[in-house]
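Good morning, and thank you for making time for this presentation. I shall take you through one model, beginning with a detail of the backbone and ending with the overall fold.

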Amino acid sequence: MNATRFWANFRHLQTIGKRKDGAYRVAWTEEDQMARQTLLDLLHQEGLHGYQDGAGNIWGIWSPVDNAPYLVMGSHLDSVPRGGDFDGVFGVAAALESLLAMRDKAPEPLCLNGALVAFADEEGVGFNSGLFGSRAVCGFLTREIFNNFHDDSGTRYLAETAPRFGITWESVSHLDVIPIAVYLELHVEQGPNLDRSGIPVGVVNVITGRSQGFARFVGQQNHAGTTPMPLREDALLYAANAVVRLNQIVGRAGAVGTVGQLKAMPGSPNVIADSAVVSFDVRSPSDTVRNIAVRDWVNSWHGGTLFAYHEEAAVPLYPAIQDVIARAASKEGLKAMTVPSWAVHDAMIMAKKVPTGLIFIPSVQGISHAAEEFSHPQHCEEGVRVLEDTARSLCASDLRRQEPKSEDEGKGS
Ligand SMILES: [Zn+2]
């Protein structure tokens, strides 16, 4: 890698939409558009073929091999409001540098072409349309899904906003995607595991599955003064007990669980609530653990019913690529450990279609989606080196013939 070039490009992209209290490159805003245009300019300055596709993804193409599919490296440029300086944009800058380094000095032999992608709208902030660009690339969007993306108030629709940025269902449904052999993503961990264990490289083996939905608890509306305590049917109390039990049950199971919303009706200080609704979000790298935790939690309720439930299975990542990443780290003299990804990434979508690898570097104190998000410059450079090295190995050989790793090159060393 050329560290000077990497930092110049990374800083350049990072500053777009940056305000005093954090990064504001929310998808489908001018700042996001500016970041993507800047990336296009950088690609053109470097003499690469760069373009925006019909879903708003930015591609950079390096194709020295006739008729070969592509090793694609990428991440996303959009951020949450008041976001950090690393989530997504670090992976795009790293992918750009790795691609340029390979262009400067090509791997030998060279079996794959190389490409960069900055996926559109990974965060899904404005219209609940997260992972938009990668879903479009993989053909997972339908007209119905596209037309249904809307804001939380249900009044603004993506289909009405996207055309301002040149994106319509017509353009999304007619994507002309390059043939992809492998997808690689480098990302900050956004959690504390690497930082706490002092290990600079995470080799992701699985992206956690999740169960999300709502529970409604029903009681009897009554007077706050005249109703004796033993005779109450307090919906909010049932809900509160469920919130506490979720914390206990998923904690014991080794999963994570969150109640982010709690609403009581009629919502008056002097009235016992007759209805209370809580949201929940339970995640685990193991679908079995997650399912048992949710089942045990539901069985612990009093007066509750489940609604709007949906779940996504955990997505395992390609074992042979994990081995290549671990070898790349060990070649660079870096310790690596196998970790699950507790957050969702474009890599999760890509993994359903193509062999995919995901590499993490430490996030200081595990803080992310916040202005305090930070990764040490040394860890950033080490991550880029591992990404580049992994890309070189994969481009120089047929993935299906990757040799199994020998015993002394263990991950988690
Ligand atoms: Zn991200």
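Please look first at H369, which lies in the loop between β18 and α13. This is a predicted model, and every value I quote is computed from it. H369 is not a glycine, yet its phi is positive, at about 55°. Most residues other than glycine have a negative phi. As for its surroundings, H369 has 17 other C-beta atoms within 10 Å. Since 20 or more would be needed for a residue to count as buried, and 12 or fewer for it to count as exposed, H369 is classed as partly exposed.

The loop between β18 (356-361) and α13 (377-395) also holds Q365. Here again a residue that is not a glycine has a positive phi, in this case of about 60°. Q365 has 13 other C-beta atoms within 10 Å and is therefore partly exposed.

I turn now to the peptide bonds. Most peptide bonds are trans. Which residue is joined to P109 by a cis peptide bond? The partner is E108, and omega is about -10°. P109 is placed in the loop between α3 (89-104) and β6 (113-119). A cis peptide bond also joins M265 and P266, with omega at about 5°. For P266, the setting is the loop between β12 (262-265) and β13 (271-272).

Next, the helix packing. At what angle do α9 and α10 pack? Helix α9, residues 235-253, and helix α10, residues 287-299, pack at about 150°, and their axes are 9 Å apart. Because the angle is over 145 degrees, α9 is roughly antiparallel to α10. The crossing of α9 past α10 is right-handed. On the α9 side, the contact involves R245, L246, I249, V250 and A253; these meet V289, I292, A293, D296 and W297 of α10. By class, this contact of α9 with α10 comprises eight nonpolar and two charged residues, with no polar ones.

The second pair brings us back to α13, the helix that follows the loop of Q365. Helix α11, residues 319-331, and α13 have axes that come within 9 Å and cross at roughly 125°. That angle makes α11 oblique to α13. The crossing of α11 and α13 is right-handed. From α11, the contact draws on V324, I325, A328, A329 and K331, and from α13 on V386, D389, T390, S393 and L394. Sorted by class, the contact of α11 with α13 has six nonpolar, two polar and two charged residues.

Let me close with the protein as a whole. How many helices and strands does the protein contain? There are 13 helices and 18 strands. The radius of gyration is 23 Å, close to the 22 Å that the globule rule gives for 413 residues, so the protein is as compact as a globular protein of that length. Its C-alpha trace spans about 80 × 55 × 40 Å along the principal axes. Of the 413 residues, 48% count as buried. Finally, consider contacts between residues at least 6 apart in sequence: 78% of these join residues at least 24 apart.

That concludes my presentation, and I welcome your comments.

Technical notes: Residues are numbered from 1 along each chain as its sequence is written. This is a predicted model: local features need pLDDT of at least 70, side-chain atom pairs count only at pLDDT 80 or more; totals for chains, interfaces and linings use all residues. Axes are lines fitted to C-alpha atoms, for helices over the stretch in contact, and angles run from 0 to 180 degrees between N-to-C directions. Helices (H or I, at least four residues) and strands (E, at least two) are DSSP runs, numbered from the N terminus. Angles under 35 degrees count as roughly parallel, over 145 as roughly antiparallel, 65 to 115 as roughly perpendicular and the rest as oblique. A crossing is left-handed if the near helix is turned anticlockwise from the far one by less than a right angle, and right-handed if clockwise. Two residues are in contact if their C-beta atoms, placed from the backbone, lie within 7 Å. Ala, Val, Leu, Ile, Met, Phe, Trp, Tyr, Cys and Pro count as nonpolar, Asp, Glu, Lys and Arg as charged, and the others, Gly among them, as polar. The radius of gyration is taken over C-alpha atoms; the globule rule is 2.2 Å times the number of residues to the power 0.38.
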